[in-house]
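This report goes through one protein chain, beginning with a charged pair and ending with the chain as a whole. Keep the structure in view while reading.

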Amino acid sequence: MPEPDLSAALDAVDTHFDTFVTELRDLCRIRSRRQEADQMRATADFLAGSLARWGGTAEVIPWQDSHPYVLGEIPGGERSLLHFNHYDVEVEPTGDDDAWTSPPYAADVRDGRLYARGVADDKGALLSRVHAAAAWRLAGLEAPVTSRFIMEGKKWLHSPGLDSFVAAHRDRLASDGALWENSWVDRQGRPLLKLGEKGVLYLRLTATTLSRELTSQNTALLPTATARLAAALCTLQRPDGTVTVDGFADGARQPTEHELELLRQLPFDGAFLRERAGVESFVGGLDDTEAAIAIRTRPTLTVTGIEGGDTRDDITLGLPATATAKIEIRLIAGQDPERVFTTLRKHLVEHGFGDVGLEIMAASRPHLTDHRDPFVALVADAARRAYGTEPMVEPFTQWIGNQGALGGHPIVGVGVSRADAGIDGPDEHILLEDYRTGVKHVIEVMAALAATEENR
């Protein structure tokens, strides 16, 4: 295959940039909320139409435990690049729509920024991949690699349908590397390349001590579910959050010294986080560098909610018969969710709480791409050319996800937003110039991936 005319594709981004932004705004005007099935289907249809518009093929595929997947391809050279993105716009917490300067689905452009719920996570990143492939066609060229797309409409955070979907369509997802959902550039304009995601194990604990709720005059005689559950929870961790379950961190991959050095170089605005949380210091007195490492490399257990008894704003005399708690466990690469579940069950039994029910609500496996993988170097080199600066490599991340479902691909997260894009609050936005550069970065990745075929 002749060397691709990279400059022509990059120029096409500038020539047709207004068209790309118009399409992104149209996508952002669809209310792609998980609880609105008709809007989720409309989003999937829009994306399938976009792939067809730019010379590709696409199929909208309904799937269990999910809104429809969009599976598509824009043809090009022999090598293939896989793009994984989600099109739902829910984040936790979602924030209040009334707090927005302009309505969250108006997709307003102000001062060079596009404001819309989901534009930073993940619609901007999603369409930047499509537009990168489209730029070659608009330049009158065949793309140097074939672009394959899997676009997910999540019903739940842990994507319970993803494993079975990937297994059923693995031949259509084969690639020489994958670009994962999202990332951003820091305040110095340096792109962040994300190489992994934590897994999650979400559990429900249930303590039942009575067959029915009775009056609290019987407290001296009967066990309460709330006391039973609280006692069980107290065996799991200390007040500072340190997990006290033997074997909890077994298998967790410890970062190498080189990976620790990469983590130390990452920007971490501890002052911003402390101010936002209303605290003066981090747990354990960690400084910002230590915090940046701990948040990414330490498996954690969080009691996210407790419920039991009568919580009405009134004087009540009940004796709680049942109490429940939700626990979120973030898993580091090397940990297995089933093994951690078994470890917790064993812990409860050994501490005299074998009667406390333990149910898996959600689970996903952690995943990590080795920072030494040639594909990581390729994406980093492409970033140097597109951004004109040195990218930051994040070998471990604090985010939970499910990229391990894709199997053996080297996976790098890249995006078009910034750390202060307001993803979990009002006025979520991206800079249009970041979008332009993000599209060009993907074009650079495509050209470089094709060149590796010629040099093999």
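## A salt bridge at helix H12

Arg418 has a relative accessible area of 22%, so this residue counts as partly exposed. The model is a predicted one. Arg418 forms a salt bridge with Asp434, and the closest N and O atoms of the two are 2.7 Å apart. This pair links distant parts of the chain: Arg418 belongs to strand S20 (residues 417-418) and Asp434 to helix H12, with their positions 16 residues apart in sequence.

The partner in the helix has another degree of exposure. Asp434 has a relative accessible area of 8% and is therefore buried, since buried means under 20%.

## Arg436 and its network

Helix H12, which covers residues 432-454, also holds Arg436. The relative accessible area of Arg436 is 17%, so Arg436 is buried. Leaving aside residues up to four places away in sequence, Arg436 touches Val13, Asp14 and Phe17.

Asp14 appears again in a network of salt bridges, where it is linked with Glu433, Arg436 and Lys440.

## Other salt bridges

How many salt bridges does the count come to? The count is 33. One of them is formed by the side chains of Asp355 and Arg228, at 2.7 Å from N to O. The two residues are 127 residues apart and link distant parts of the chain: Asp355 is in the loop between helix H10 (337-350) and strand S16 (357-364), while Arg228 is in helix H6 (residues 225-234). Asp355 is partly exposed because its relative accessible area is 44%. Arg228 also counts as partly exposed, at 25% relative accessibility.

A further salt bridge joins the side chains of Asp370 and Arg372, again with 2.7 Å from N to O. Asp370 has a relative accessible area of 30%, so it is partly exposed. For Arg372 the value is 62%, which means that Arg372 is exposed.

## Backbone details

Some residues stand out by their backbone geometry. The peptide bond that runs from Asp121 to Asp122 is cis, with omega near 25°. Asp122 is placed in helix H4.

Asp111 is not a glycine, yet it has a positive phi of about 55°. Asp111 is found in the loop between strand S4 (108-110) and strand S5 (113-115). Is Asp111 buried or exposed? With 73% relative accessibility, Asp111 counts as exposed, because the cut-off for exposed is over 50%. Asp427 is another residue other than glycine with a positive phi, in this case near 60°. The place of Asp427 is in the loop between S20 and strand S21 (429-431).

## A loop residue and its distant neighbour

Glu142 sits in the loop between helix H4 (119-138) and strand S6 (146-153). At 53% relative accessibility, Glu142 is counted as exposed.

Where Glu142 lies in sequence and where it lies in space can be set side by side by taking Gly76 as the partner. The two residues are 66 residues apart in sequence, but from C-alpha to C-alpha they are 5.7 Å apart in space.

## The chain as a whole

The chain contains 12 helices and 21 strands. Along its principal axes, the C-alpha trace spans about 85 × 50 × 45 Å. Why can the chain be compared with a compact globule? For 456 residues, a compact globule would have a radius of gyration near 23 Å, and the 24 Å of this chain agrees with that. Of contacts between residues at least 6 apart in sequence, 80% join residues at least 24 apart.

Buried residues account for 52% of the 456 residues. The area that the chain exposes is about 19900 Å², and carbon and sulfur atoms supply 50% of this area. As for charge, there are 47 positive and 69 negative side chains. The centres of these two sets lie 2 Å apart.

Terms used
Residues numbered from 1 in each chain as written. Predicted model: local features only at pLDDT ≥ 70, side-chain atom pairs only at ≥ 80, totals over all residues. Heavy atoms only, no water. Helix = DSSP H or I, 4+ residues; strand = E, 2+ residues; numbered from the N terminus. Rg over C-alpha atoms; globule rule 2.2 N^0.38 Å. Buried < 20%, exposed > 50% of the residue type's maximum accessible area, 1.4 Å probe, protein only. Contact = heavy atoms within 4.5 Å. Areas by Shrake-Rupley, 256 points an atom, 1.4 Å probe, with all protein chains shown as cover. Lys, Arg positive; Asp, Glu negative; His and termini not counted. Charge placed at Lys NZ, Arg CZ, Asp CG, Glu CD. Salt bridge = Lys/Arg side-chain N within 4 Å of Asp/Glu carboxyl O.
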